[in-house]
Amino acid sequence: MNRDELIKKWLDHNLNPKEQKAFEGLEDYDALIKLSKSTEGFKAPDYSVDLEYKSISTKLKTKSHNNWFKPLLKIAAVLLIGLATFYFTSTRNTEVKTDIAQTKSIGLPDASTVNLNAQSTLSYNKKSWSDNREVSLNGEAFFKVAKGSKFDVITDDGKVTVLGTEFNVIQRQNYFEVTCFEGLVAVNYNSESLKLKPGKRFVVINGNIKNEIESNNKPSWLAKESTFASRPLQLIINELERQYNVSVDASKVDTNQLFTGSFTHSDIDLALKSITLPLGITYTKSNSVVVLQSE
């Protein structure tokens, strides 16, 4: 392994014992260690690592007459590459996604937990977490927040702020819902701000606001079941498609009619019967396509 490769692996903390010994045998080993220590705490600005290395390498070649300066520039270039890589990887957000019919349990840096429902995305920054407990959500998630400073959930439709509590948030197209199961939840939606106590739910459907009561102590989707109270059929169809890998053709039924009930996430035929029978509609299923029809 040549000298530059050894230095790059050293900066990545990726030297094996044999390579470490070879690295310590470099004639400028002491200078490298000294320069590394002198740059501790330095934060490099955003830039392209590859382009920067190529640029500095070119300068090294064109200034070959300065024999003492060339090795120093090489060291500086490699150190800058390492520092830039470290800065990029340590400051970027952590993002967690779920696919159709998939859920995930996430542990946050302060021991708060998040259960992410199907086709949802959650992102947060580990580096700034101690100063700013904030997550971004697209989809649905149930939060169990450890006590501490305020905890914010940012969505496209509104912000939810708590200190330590349990609550569920849904942010889908034309739909925003916050349900408090424990503690106190502050909801900011457009110019409105309200506080939810346990058993209270704030809902916005196509811009219309509703305040509802929740009698359960957990969201039903954690037990693999989706539950609805007077929701347009289109919302139930959307959730069905998220829980099963199917496409639903509802062009021959009224998707604005309201549905109250639930469906399981573990048996699609049972789920379809749970949805269609109360509404007096029928369905046919072929492979991954479901067609709904009025009776």
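Tutor: A polar contact is a pair of N or O atoms within 3.5 Å; within protein, one must be able to donate a hydrogen and the other to accept it, and residues adjacent in sequence count only if both atoms are side-chain atoms. The structure above is a predicted model.

Student: With which side chain does the side chain of E212 make a polar contact?

Tutor: E212 lies in strand β13, which covers residues 208-213. The distance for the pair is 3.4 Å, and the cut-off is 3.5 Å. The partner of the E212 side chain is the side chain of K210.

Student: Does E212 count as buried or exposed?

Tutor: The relative accessibility of E212 is 13%. Buried means under 20%. Because its value is 13%, E212 counts as buried.

Student: Which residues is E212 in contact with, leaving aside its neighbours within four places in sequence?

Tutor: A contact here needs heavy atoms within 4.5 Å. With the neighbours within four places set aside, the partners of E212 are G199, K200, R201, V203, A229 and R231.

Student: How many helices and strands does the secondary structure of the chain come to?

Tutor: The chain has 295 residues, and buried residues make up 39% of them. Among contacts with a separation of 6 or more, 42% join residues 24 or more positions apart. The secondary structure comes to seven helices and 18 strands.

Student: In which sense do β5 and strand β6 pair?

Tutor: Strand β6 covers residues 151-154, and four bridges link β6 with β5. One pair to look for is E134 with its bridge partner D152 in β6. The sense of the pairing is parallel.

Student: How many bridges join β5 to β8?

Tutor: β5 and β8 run antiparallel. A141 and V169 in β8 are bridge partners. The number of bridges joining β5 to β8 is six.

Student: In β5, what is the bridge partner of V114?

Tutor: Strand β3 (residues 113-116) pairs with strand β5 (residues 133-144) in the antiparallel sense over four bridges. V114 has its bridge partner in β5, and that partner is F143.

Student: Which residue in β5 does T121 stand opposite?

Tutor: Strand β4 (residues 121-124) runs antiparallel to β5, and four bridges join the two. The β5 residue opposite T121 is N138.

Student: Why does F151 count as buried?

Tutor: F151 has its place in strand β6. Beyond its neighbours within four places in sequence, F151 has contacts that include L108, W129, F143 and V160. The cut-off for buried is under 20% relative accessible area. F151 counts as buried because its relative accessibility is 0%.

Student: How far apart in space are F151 and T165, C-alpha to C-alpha?

Tutor: In sequence, F151 and T165 are 14 residues apart. In space, C-alpha to C-alpha, the distance between F151 and T165 is 9.6 Å.

Student: What gives the most to the lining of the largest pocket?

Tutor: The largest pocket holds about 530 Å³ of space. Of the 29 residues that line it, the closest to its centre are I170, Y175, E177, T227 and F228. At least two lining residues come from each of β8 (166-172), β9 (175-182), β14 (225-232) and α6 (233-243). The element that gives the most, with six residues, is β14.

Student: How many residues of the lining of the largest pocket are charged?

Tutor: The lining divides into three classes. Nine residues are nonpolar and 10 are polar. The charged residues number 10.

Student: How many of the 11 residues of α6 are buried?

Tutor: α6 is mostly covered. Its buried residues are L233, L235, I236, I237, E239, L240, R242 and Q243. Out of 11 residues in α6, the number buried is eight.

Student: What gives the most to the lining of the largest cavity?

Tutor: The count comes to one cavity of 30 Å³ or more, and the largest cavity holds about 30 Å³ of space. Its lining consists of I237, L240, V248, L272, I275, T276 and L292. Both α6 and α7 (268-279) supply at least two of these residues. The element that gives the most, with three residues, is α7.

Student: How many nonpolar residues has the lining of the largest cavity?

Tutor: The lining has no charged residues. One of its residues is polar. The number of nonpolar residues is six.

How values were computed. Residues are numbered from 1 along each chain as its sequence is written. This is a predicted model: local features need pLDDT of at least 70, side-chain atom pairs count only at pLDDT 80 or more; totals for chains, interfaces and linings use all residues. Side-chain values use heavy atoms; hydrogens and water are left out. On a 1 Å grid over the protein atoms alone, a cavity is a set of points where a 1.4 Å probe fits but cannot get out, and a pocket is an open set with protein on both sides within 12 Å along at least five of seven lines; lining residues have an atom within 4 Å of a point. Grid points are joined across faces, edges and corners, and a volume is the space filled by probe spheres set on the points. Ala, Val, Leu, Ile, Met, Phe, Trp, Tyr, Cys and Pro count as nonpolar, Asp, Glu, Lys and Arg as charged, and the others, Gly among them, as polar. Two strands pair if DSSP finds at least two bridges between them. Buried means under 20% relative accessible area, exposed over 50%, partly exposed in between (1.4 Å probe, protein chains only).
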